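This briefing is meant for a reader meeting the structure for the first time. Please look over the sequence and the model before going on to the notes that follow.

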Amino acid sequence: MIESAHSRKFTIKVAGNELTMEEASEQQRRILDDIQSKLAELEKRLTKNDAAPLRVNNSLTPSTKRILWVDDQPKNNSFLVALLEDRGVKVDVALSTNEGIEKFKSHSYDMIISDMGRPEGGKAGIDLALKIRSVDPQVPFFIFCGNWAARNLHQESLQAGVNEITSSGTTLLSLLPLSNGN
């Protein structure tokens, strides 16, 4: 629908102003980016007092530029990918564990993000982590998944070598050391 709206110069009225779909989308993206940043700052402050802080590899540097994101439904991550790309990160997408392994072996990635369940299995994220760890035990690996998996598969994920598992886009972004200070 939005693609067809672009070609027809579809506009919407917001606060008495007419905006093109591109303008409205860009404003929403900037607002979401700001909210994500503020929530990440707040979360970092709160976890300083938490007895069990999130595990993040301290050897990461702010120069992270390339991420492999493995998810069979990449459209679910569109806004997060757009935020990462706005911060200068190149995001490559793989739709399956096998495609993810192939891309990982043929390119250099600063980190991996995976969902948990894919058609190849309900613990595909853990399976991918184990396979990645056999190739590179150091590359940061995060799982971004639904609430159930984040709660119930947390310990198993960490044992497989995952740095952290979360169902929160804000938490995920706060874990990634990016050049803008995150």
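A salt bridge here is a side-chain nitrogen of Lys or Arg within 4 Å of a carboxyl oxygen of Asp or Glu. By that criterion, Arg66, Lys90 and Asp92 are linked in a network of salt bridges, and the structure as a whole holds six salt bridges. The model is predicted, and the points below are grouped by topic.

**Overall make-up**

- The protein chain has eight helices and seven strands, and 40% of its 182 residues are buried.
- Among the contacts in the protein chain with a separation of 6 or more, 62% are between residues 24 or more positions apart.

**Strand E3 and its partners**

- Strand E3 (66-70) pairs with strand E4 (residues 90-94) in the parallel sense, and five bridges are found between the two.
- Two of the bridge partners can be named: Arg66 of E3 is matched with Lys90 in E4, and Val70 is matched with Ala94 in E4.
- E3 is also joined to strand E5 (residues 111-114), again in a parallel arrangement, by four bridges, and in this pairing Leu68 stands opposite Ile112.
- Together with helix H3 (78-86), the strands E3 and E4 make a right-handed β-α-β unit.
- Because four of its five residues are buried, E3 is largely enclosed by the rest of the structure.

**The network of Arg66, Lys90 and Asp92**

- Arg66 forms a salt bridge with Asp92, in which the closest N and O atoms are 2.6 Å apart.
- This pair links distant parts of the chain, since Arg66 lies in strand E3 and Asp92 in strand E4, with their positions 26 residues apart in the count along the chain.
- Asp92 also meets the side chain of Lys90 in a salt bridge, with an N to O distance of 3.0 Å.
- The three residues differ in how they are classed: Asp92 is buried, with a relative accessible area of 9%, whereas Arg66 counts as partly exposed at 23% and Lys90 counts as partly exposed at 45%.

**A salt bridge within helix H4**

- Lys103 and Glu99 form a salt bridge whose closest N and O atoms are 3.7 Å apart.
- The two residues are four residues apart in helix H4 (residues 97-106), so about one helical turn separates them.
- Lys103 is partly exposed, with a relative accessible area of 23%, and Glu99 also counts as partly exposed, at 26% relative accessibility.

**Asp71, a buried residue with no salt bridge**

- Asp71 is placed in the loop that lies between strand E3 and helix H3.
- Although Asp71 is buried, it has no salt bridge, and the nearest side chain of opposite charge, that of Arg118, is 6.3 Å away; the cut-off for a salt bridge is 4 Å, which means that a pair at a greater distance is not counted as one.
- The side chain of Asp71 does make a polar contact with the side chain of Asn77, at 3.0 Å.
- Not counting residues up to four places away in sequence, Asp71 touches Asn77, Ala94, Leu95, Asp115 and Arg118.

**Phe142 in strand E6**

- Phe142 is found in strand E6 (residues 141-144), and with a relative accessible area of 0% it is classed as buried.
- Once neighbours within four places in sequence are left aside, Phe142 is in contact with Met111, Ile112, Ile113, Ser114, Val162, Asn163, Glu164, Leu172, Leu175 and Leu176.
- One of these contacts is Ile112, the residue of E5 that stands opposite Leu68.
- The C-alpha atom of Phe142 is separated by 8.8 Å from that of Ala129, a residue 13 residues apart from it along the chain.

Note on methods:
Residues are numbered from 1 along each chain as its sequence is written. This is a predicted model: local features need pLDDT of at least 70, side-chain atom pairs count only at pLDDT 80 or more; totals for chains, interfaces and linings use all residues. Side-chain values use heavy atoms; hydrogens and water are left out. Buried means under 20% relative accessible area, exposed over 50%, partly exposed in between (1.4 Å probe, protein chains only). Lys and Arg count as positive and Asp and Glu as negative; His and the chain ends are not counted. A polar contact is a pair of N or O atoms within 3.5 Å; within protein, one must be able to donate a hydrogen and the other to accept it, and residues adjacent in sequence count only if both atoms are side-chain atoms. Contact means heavy atoms within 4.5 Å. Two strands pair if DSSP finds at least two bridges between them. A crossover is right-handed if, with the strands pointing away from the viewer, the path from the first strand over the helix to the second runs clockwise.
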